Amino acid sequence: MKKFKKTRAKKVAAKTSTVRPRGKYVLRLFVAGATTRSRQAVLRVRQLCAAELKDNCTLEVIDIYQQPELARKNQIVATPTLIKEFPRPVRRFIGNLMNTTGLFIELDLVTNHKVAV
C-alpha cells in the first residue's frame with residue numbers, strides 16, 4: 001500500500017512540474033463589444049502576458065460583434081473566452097479572468113505548481 005502512494009505521488013508531481021515548451025505562446029481573447037467587462041479582460045490578459053510570459057507571447061483580441069465568423073469558427077458561446085492556441089494542446093478559459101491561479105492551471109501555464117498528496 002505504501003509503495004502505491006509513493007508511486008502515485010511521483011506521477012502527480014511529474015505532471016504538475018512541467019517545463020514550459022520553447023516557442024511563443026499564441027493566445028486569442030474573444031470579447032463582446034467595448035464593455036467594462038471586456039476592457040477588464042483585455043487588461044488582465046495583457047498584464048499576464050507582460051508579467052509571466054514576458055516577450056514570449058502573442059495576443060490577438062477579437063470582438064465577436066465585429067468578427068462573428070471567427071466566433072462561429074472557434075465555437076465561442078460565452079465571453080470573455082481565452083484560448084491558448086500554441087503550444088499544443090489547445091486550452092480554453094471561459095469567464096472571469098481575475099483568478100490567475102485558475103487561469104494558469106486551466107491554460108496549462110503552470111511551471112512548478114505544488115500539489116499536496
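Colleague: How many bridges join strand E1 to E2?

Modeller: Before I count, you should know that this is a predicted model, where local features need pLDDT of at least 70 and side-chain atom pairs count only at pLDDT 80 or more, while totals for chains, interfaces and linings use all residues. Residues are numbered from 1 along each chain as its sequence is written, and side-chain values use heavy atoms, with hydrogens and water left out. Helices (H or I, at least four residues) and strands (E, at least two) are DSSP runs numbered from the N terminus, and two strands pair if DSSP finds at least two bridges between them. E1 covers residues 25-31 and runs parallel to E2, and the number of bridges joining the two is seven.

Colleague: Which residue of E2 stands opposite Arg28?

Modeller: Another pair across these strands is Leu27 with Leu59 of E2. For Arg28, the residue opposite in E2 is Glu60.

Colleague: What is the distance between the C-alpha atoms of Glu60 and Leu29?

Modeller: Glu60 sits in strand E2 and, leaving aside its neighbours within four places in sequence, touches Leu27, Arg28 and Leu29 (contact means heavy atoms within 4.5 Å). Along the chain, Glu60 and Leu29 are 31 residues apart. In space, their C-alpha atoms are separated by 6.2 Å.

Colleague: Is Glu60 buried, exposed or partly exposed?

Modeller: Here's the yardstick: buried means under 20% relative accessible area, exposed over 50%, and partly exposed in between, with a 1.4 Å probe and protein chains only. Its strand partner E1 is mostly covered, as six of its seven residues are buried. Glu60 comes out at 35% relative accessibility, so it counts as partly exposed.

Colleague: Which strands are at the edges of the sheet?

Modeller: Four strands make up an open sheet, ordered E2-E1-E3-E4, with mixed pairing. An edge strand here pairs on one side only, and that goes for strand E2 (57-63) and strand E4 (91-94).

Colleague: And what angle does the direction of helix H2 make with that of E1?

Modeller: Angles run from 0 to 180 degrees between N-to-C directions, and the axes are lines fitted to C-alpha atoms, for helices over the stretch in contact. Within the sheet, neighbouring strands are turned by 20 degrees against each other on average, direction ignored. Helix H2 (residues 36-51) packs on that sheet, where it touches E1, E2 and strand E3 (81-86). Its direction and that of E1 make an angle of about 170 degrees.

Colleague: What span does H2 reach from its first C-alpha to its last?

Modeller: H2 has 16 residues. The expected span is 1.5 Å times one less than the number of residues, which gives 22 Å here. The model's own span is close to that, at 22 Å.

Colleague: How wide an arc do the buried residues of H2 cover around the axis?

Modeller: On H2 the buried residues are Ser38, Ala41, Val42, Val45, Leu48 and Cys49. They sit on the same side of H2 because the arc they cover, taken from the directions from the helix axis to the C-beta atoms, is only 125 degrees.

Colleague: Which residues are exposed on the other side of H2?

Modeller: The buried residues of H2 pack against E1, E2, E3 and helix H4 (100-106). On the other side, the exposed ones are Leu43 and Ala50.

Colleague: Just past H2, what is the relative accessible area of Leu53?

Modeller: Leu53 lies in the loop between H2 and E2. Its C-alpha is 8.9 Å from that of Lys24, although the two are 29 residues apart in sequence. Leu53 is buried, and its relative accessible area is 4%.

Colleague: Which residue does a cis peptide bond join to Pro89?

Modeller: The loop between E3 and E4 holds Pro87 and also Pro89. A cis peptide bond joins Phe86 and Pro87, with omega at about 0 degrees. For Pro89, omega is again about 0 degrees, and the residue joined to it is Arg88.

Colleague: What is phi of Gln75 near?

Modeller: Gln75 is in the loop between helix H3 (68-73) and E3, and counts as exposed at 61% relative accessibility. Its phi is positive, in a residue other than glycine, and is near 55 degrees.
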